[in-house]
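Please open the model in your viewer, with the sequence panel beside it, and keep the selection tool at hand for the stops below.

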Amino acid sequence: MNIRLYVIHNSHPCDAVARALELKGLPYRTVEWPPLLHTVAQTVIFGSRTVPALRLDEEKIQGTTRIFHRLDALVPEPALFPAQRPAVEVAERWGNEEFQQVARDLIWAAAGHHPAALVSYTQGSRLPLPPALVKLNAPLIVAAERRLQRTDDATGRRRLAELPGQIEKINAWIEDGTIGDLAHPNAADLQILSTVRLLASIGDVAPLLAASPALDLALALFHGPVGGSLPAGALA
Ligand SMILES: N[C@@H](CCC(=O)N[C@@H](CS)C(=O)NCC(=O)O)C(=O)O
C-alpha cells in the first residue's frame, strides 16, 4: 500500500499522525507543504484547508481523529482507540477540538512580538527555506497566521491564564491512566501530548508545564522537543 502523509512542519496534529503511523509499523512518505500555501493545496486535494491528511493509495482521509480510526481499522494492534475505554475517546476529542487550538493561539500571539524566532522553527523542515528569507518574511507570515487563527495579544493572555486549569485536567488523566502509559500509547496520548510538546517551546508557557508529568511524557513519546523556541516575556 502506498501511504502519503500531508503535513506542514512542526504542526502538532501532523506530528501526532506521523507517530501513529510509526506505532502501527506502517511505512509512509511525507509531503510537506509551505505553511499558509498548504490551505490552498489541501483544499484542492482533500476538500478542506487543514493538515494532517493521509492518502492510502487513492483513498483520502483528512483530520487526526478520522485518520486514527482509519489506522485502527487497517492495523488493529496496537489500538489507538482501545475497546472498552470511552475515557480515551473523551480525552482525544478534547485534545482535538479544544486543546490543539490553544497551542496555535499562543504560538502566533507570542510570535507577534518575536517574528524572527520563526527561523528557529524551520529546523528539520524538508523544504529548502533560506533562514534570511524566512526572517525577512516572518512579520508578514506572523500577521497572516494571526488573522487566520483569529489570535492576538488579548487571546494569548487569556489562553495563558486558562492553561493551568487545562494542565490540571491533563494531570488528572495521567493520574487515572487515561493517558501516559507509553508502553501502549493511545489516540489521546498522541493528540494531547503533541500539543504539550509544542507548547513547551513557548518561553512564557514552559514554566507552567515544568511541574507536570505531561512534559516528560510528551518528550518521550515524540523523541524530544520540537526544533524551535519563542523567548519568554511576550505574553506577560
Ligand atoms: N483539528 C483538526 C484541524 C487541524 C488543523 O487546524 N491544522 C492546522 C495546522 S496545525 C491547519 O492546517 N490550519 C489551517 C487552517 O486553519 O486553515 C485536526 O486535528 O485534523
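The tour goes from the sheet to a helix, then to a hairpin, a loop residue and the ligand.

Bear in mind throughout that this is a predicted model. Begin by showing the strands as a cartoon: four of them form an open sheet in the order S2-S1-S3-S4, and the pairing within this sheet is mixed. Colour S2 (29-32) and S4 (59-62) separately, since these strands stand at the edges, each with a single partner strand, so that one side of each is left without a neighbour in the sheet. If you look across the strands, you will find that neighbours in this sheet are turned against each other by 20 degrees on average, with direction ignored.

Next, select S1, residues 3-7, together with S2; the two strands pair in the parallel sense, over four bridges. Within this pair, pick Arg-4 and look for its bridge partner in S2, which is Arg-29.

Now add helix H1, residues 12-24, to the view: this helix lies across S1 and strand S3 (53-56), and its direction is at about 160 degrees to that of S1.

From there, move to S3 and S4, which run antiparallel and are joined by four bridges. Select Leu-54 and follow the pairing across to S4, where Ile-61 is its bridge partner. At the turn of this hairpin, which has two residues between the strands, centre on Asp-57, whose phi is positive, near 50 degrees.

The next stop is Thr-50, in the loop between helix H2 (37-46) and S3. Is Thr-50 buried, exposed or partly exposed? Its relative accessibility is 43%, and because partly exposed covers the range between 20% and 50%, Thr-50 falls into that class. Leaving aside residues up to four places away in sequence, Thr-50 touches Gln-42 and Gln-62. If you also display Cys-14, you can compare two separations, for Thr-50 and Cys-14 are 36 residues apart in sequence and 10.0 Å apart in space, from C-alpha to C-alpha.

Finally, select the ligand and the 14 residues around it, of which Arg-49, Val-51, Thr-64, Asn-96 and Gln-100 come nearest. Show the side chain of Arg-49, where an N or O atom is 2.7 Å from an oxygen atom of the ligand, and then that of Thr-64, which has a polar atom 2.6 Å from a ligand oxygen. At Asn-96, by contrast, the ligand atom to pick is a nitrogen, 2.6 Å from an N or O atom in the side chain. With a surface switched on, consider that the ligand on its own has 510 Å² of accessible area, of which the protein covers 87%.

Key
Residues are numbered from 1 along each chain as its sequence is written. This is a predicted model: local features need pLDDT of at least 70, side-chain atom pairs count only at pLDDT 80 or more; totals for chains, interfaces and linings use all residues. Side-chain values use heavy atoms; hydrogens and water are left out. Two strands pair if DSSP finds at least two bridges between them. Axes are lines fitted to C-alpha atoms, for helices over the stretch in contact, and angles run from 0 to 180 degrees between N-to-C directions. Contact means heavy atoms within 4.5 Å. A residue is near a molecule or strand if one of its heavy atoms lies within 4 Å of it. A polar contact is a pair of N or O atoms within 3.5 Å; within protein, one must be able to donate a hydrogen and the other to accept it, and residues adjacent in sequence count only if both atoms are side-chain atoms. Accessible areas come from the Shrake-Rupley method with a 1.4 Å probe; for residues, only the protein chains shown count as cover. Buried means under 20% relative accessible area, exposed over 50%, partly exposed in between (1.4 Å probe, protein chains only).
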